[in-house]
Amino acid sequence: MSTAHHKRALCLILTSLVLLGFAVCARAAPLADSVILLIGDGMGSAQVRLAREAAGGAPLAMERMPYSGLITTHSADRPVTDSAAAGTALATGHKTNNGMISVAPDERVLRTILELCRDRGKSTGIITTDALHGATPASFAAHAPSRGMRSEIALQLAESRVPVMLGFWKGWFLPDSEGGERADGKHLIADLRRAGYGAAFTKEELSNVTGQRLLGLFDDGPEAPTLADMTLAALGRLRTDRDGLFLIVEAARIDWKCHHNDPAGAVLDTWEFDRAVAAALDYARGRGRTLVLVTADHETGGLSIEEPGRVKALAGIKAPAADIAEKLNADRSNVAEVLAEYAGVHDLTPDEIAAVKGAEHAADAVSMLLNQRAGLFWSTKGHSDTRVPVFAYGPGAERFAGEMDNTDIPKRIAEVLGIGPFPR
Ligand SMILES: [Zn+2]
């Protein structure tokens with residue numbers, strides 16, 4: 001071998017050693033030890049803008065996060081995804097068919113980012129304003145070929161022993177003999193209590209319950225905690241874990257309101273979601289090692305805003321359209337009073353009053369009235385294929401800027417946490 005060859009070989013060896021050193025260092029020092037992933041179901045960029053303009057135009061907490069991007073959301077078999085396939089993409093980094101929960105189209109089980117974090121000793125939590133077996137939360141800790149397999153999914157969630165699980169409705173956690181939905185006789189709440197979980201069924205119980213593990217199954221109404229209450233309760237439990245945490249927070253009902261093209265409900269639920277985002281950011285600011293991500297599984301309603309200035313018409317909203325409609329009396333003679341009190345609209349025209357009075361469905365008529373006043377158009381009562389936003393704060397946040405696919409989210413989370421490579 002000539003001297004030149006020797007030099008080149010030596011150079012190659014040195015370069016390899018330096019690169020290896022970098023690789024080892026990168027593995028030894030993950031950017032973050034904790035991730036809070038907040039998902040606004042159905043929340044496209046238009047819904048975010050709607051909520052901001054209705055609040056007076058100042059950026060929401062999520063919009064003040066330093067990095068943002070847009071993600072594509074199509075599923076394996078459809079251009080327009082459902083929450084099951086989208087949740088699977090966000091949880092596993094894989095596309096699957098609509099309706100499937102963290103299994104591939106051939107029903108092969110896919111590992112989720114939550115499961116990977118749990119295997120690394122991190123504390124984990126799932127919070128939702130939907131049932132725990134709802135498609136989005138279920139995608140992180142259960143696996144099923146159909147989202148409709150509620151009994152099986154609830155059982156898998158209970159057996160997952162995710163330390164914090166907060167959602168709505170007890171039915172699929174109780175046997176039918178106790179007024180629940182389960183035909184297999186299993187009492188999952190009792191099982192979880194035996195496994196060391198404190199159980200809470202109201203906001204008050206949530207703030208008083210003891211035990212390092214936490215199960216919450218709430219009912220709708222004034223006793224229910226807000227999403228921010230649930231987020232704070234979860235972070236209070238999980239923060240003691242030295243290995244870090246992985247927490248999912250889902251605002252499920254933005255989607256439900258947008259399915260009804262109800263702008264009042266969309267605004268209120270996005271505001272509630274943003275308060276949970278603010279709580280997560282407050283937590284992260286006190287620590288250098290927590291990445292906070294806010295995104296959506298898909299957009300719902302195909303919302304477009306004609307003129308942002310007109311959205312101010314929703315500034316006085318106090319209830320979603322369905323609740324406003326319920327305040328109307330039998331002959332609907334109180335349209336003006338109800339809209340003044342619950343929608344902040346004080347100048348209804350006789351035509352507008354007549355339209356609500358004469359409508360077959362009062363809630364739809366209230367939505368239509370508010371949409372017209374605020375200059376809003378909806379192109380569907382289903383989901384759309386619009387790209388949805390992702391906002392990022394904390395170590396590694398810059399990796400979530402720009403354009404991505406929804407399957408990139410868990411892969412990049414794994415990189416930031418140093419738990420890659422994510423399973424293919
Ligand atoms: Zn939906």
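These are my notebook entries on three residues that I looked up in a predicted model.

**Arg161**

I began with the backbone of Arg161, and I found that its phi is near 55°, which is a positive value in a residue other than glycine. I noted this because most residues other than glycine have a negative phi. When I looked up where Arg161 sits, I found it in the loop between α6, which covers 150-160, and β4, which covers 164-168. I then asked myself whether Arg161 is buried, partly exposed or exposed. There are 15 other C-beta atoms within 10 Å of Arg161, so I entered this residue as partly exposed, since that class lies between the limits of 12 or fewer for exposed and 20 or more for buried.

**Trp169**

I turned next to Trp169, which is not a glycine and yet has a positive phi of about 70°. Trp169 also belongs to a loop, and I placed it between β4 and α7, the helix that spans 188-194. I entered Trp169 as partly exposed, because 18 other C-beta atoms lie within 10 Å.

**Leu188**

My last entry concerns Leu188, which I found in helix α7. Is Leu188 buried or exposed? Leu188 has 24 C-beta neighbours inside 10 Å, and therefore it counts as buried. I wanted to know which residues Leu188 is in contact with once its neighbours within four places in sequence are left aside, and I wrote down Ala154, Leu155, Ala158 and Phe173. I also looked up Leu188 together with Asp243, which is 55 residues apart from it along the chain, and I noted that their C-alpha atoms are separated by 28 Å.

Notes: Residues are numbered from 1 along each chain as its sequence is written. This is a predicted model: local features need pLDDT of at least 70, side-chain atom pairs count only at pLDDT 80 or more; totals for chains, interfaces and linings use all residues. Helices (H or I, at least four residues) and strands (E, at least two) are DSSP runs, numbered from the N terminus. Two residues are in contact if their C-beta atoms, placed from the backbone, lie within 7 Å.
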